[in-house]
Amino acid sequence: MRDAIGGVVNVAFIAVFLVIVSGYLAFSVSYNKAFKVKNKIISILEQYEYYNSVSKGMIDEYLKEIGYNADNPRVGAGDYDTCEKGYCIKWVQDDTASTGLPRGHYKVMTAVYVDVPIFNKFLPFMTFLQVAGDTKSIYVSQSSATS
């Protein structure tokens with residue numbers, strides 16, 4: 001009888017270990033994807049120097065290409081101007097530079113979305129993890145402000 005109980009304990013230990021390892025792998029893949037999306041959004045915003053329909057289209061195209069399917073971030077989303085499809089963007093106005101042109105930067109936040117049913121049941125806060133970053137300073141010109 002003792003060997004039968006020991007076998008059940010070993011099987012339970014192996015099952016728990018597999019769940020923990022698979023959850024960690026799912027989290028690391030999702031975090032990596034959110035980090036890549038944040039970096040790509042920042043590079044697109046720096047390239048176009050403004051968040052408009054063209055840059056939004058490029059971002060949406062990249063999200064489809066990479067397969068990023070996070071929901072809208074819930075934590076901290078009130079601090080951002082635009083939140084959709086798992087990312088949030090906010091324009092932060094800096095002081096006017098010596099050139100006289102207004103300058104600022106964009107704050108970008110992406111959500112880390114982990115869809116593992118067991119972890120979502122016991123750790124519901126896993127959907128609130130975020131990756132944030134900023135663009136370099138962008139000088140606003142008349143042509144980009146009207147786009």
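In this predicted model, K38 lies over the face of F35, at 4.6 Å from the ring centre. A second lysine does much the same elsewhere: the charged end of K40 sits over the ring of Y62, 5.5 Å from its centre.

F35 also has aromatic company. Searching the whole structure turns up 3 aromatic pairs. In one of them, the ring centres of Y31 and F35 are 6.3 Å apart with 25 degrees between the planes, so this pair is stacked. Both residues belong to helix 1, and their spacing of 4 residues puts about one helical turn between them. Neither is tucked away: Y31 is partly exposed at 37% relative accessible area, and F35 is partly exposed too, at 35%. The rings don't stop at two, either, since ring pairs join F27, Y31 and F35 into a cluster.

Another pair brings W91 and Y106 together in an edge-to-face arrangement, with 4.9 Å from centre to centre and 65 degrees between the planes. Here the partners come from distant parts of the chain, W91 from strand 2 and Y106 from strand 3, 15 residues apart. Their surroundings differ as well: W91 counts as partly exposed at 23% relative accessibility, while Y106 is buried at 5%. The cut-off for buried is under 20%, so W91 misses it with its 23%.

On to the nonpolar core. In soluble globular proteins, nonpolar side chains tend to be buried together. The largest nonpolar core here holds 21 residues, and the members touching the most others are I41, L45, Y51, I59, Y68, Y87 and I89. Two or more residues each come from helix 1 (2–48), helix 2 (53–66), strand 2 (87–93) and strand 3 (103–111). Helix 1 supplies the largest share, 6 residues.

Y51 gives a good feel for how these parts meet. Setting aside neighbours within four places in sequence, Y51 is in contact with L45, K56, I59, T82, E84, Y87, I89 and Y106. Of these partners, L45, I59, Y87 and I89 are also among the core residues that touch the most other members, and Y106 is the buried half of the edge-to-face pair with W91.

Finally, the cysteines. The structure has 1 disulfide, made by C83 and C88 with their sulfur atoms 2.1 Å apart. That falls inside the 2.5 Å limit for a disulfide, so the pair qualifies. The link is right-handed, with 115 degrees about the S-S bond. Its two ends sit in contrasting settings: C83 is partly exposed at 26% relative accessibility, whereas C88 is buried at 0%.

Key: Residues numbered from 1 in each chain as written. Predicted model: local features only at pLDDT ≥ 70, side-chain atom pairs only at ≥ 80, totals over all residues. Heavy atoms only, no water. Buried < 20%, exposed > 50% of the residue type's maximum accessible area, 1.4 Å probe, protein only. Core = buried A, V, L, I, M, F, W, Y, C linked by side-chain atoms within 4.5 Å. Contact = heavy atoms within 4.5 Å. Phe/Tyr/Trp six-rings, centres within 6.5 Å; stacked < 30°, edge-to-face > 60°. Lys NZ or Arg CZ within 6 Å of the ring centre and 35° of its normal.
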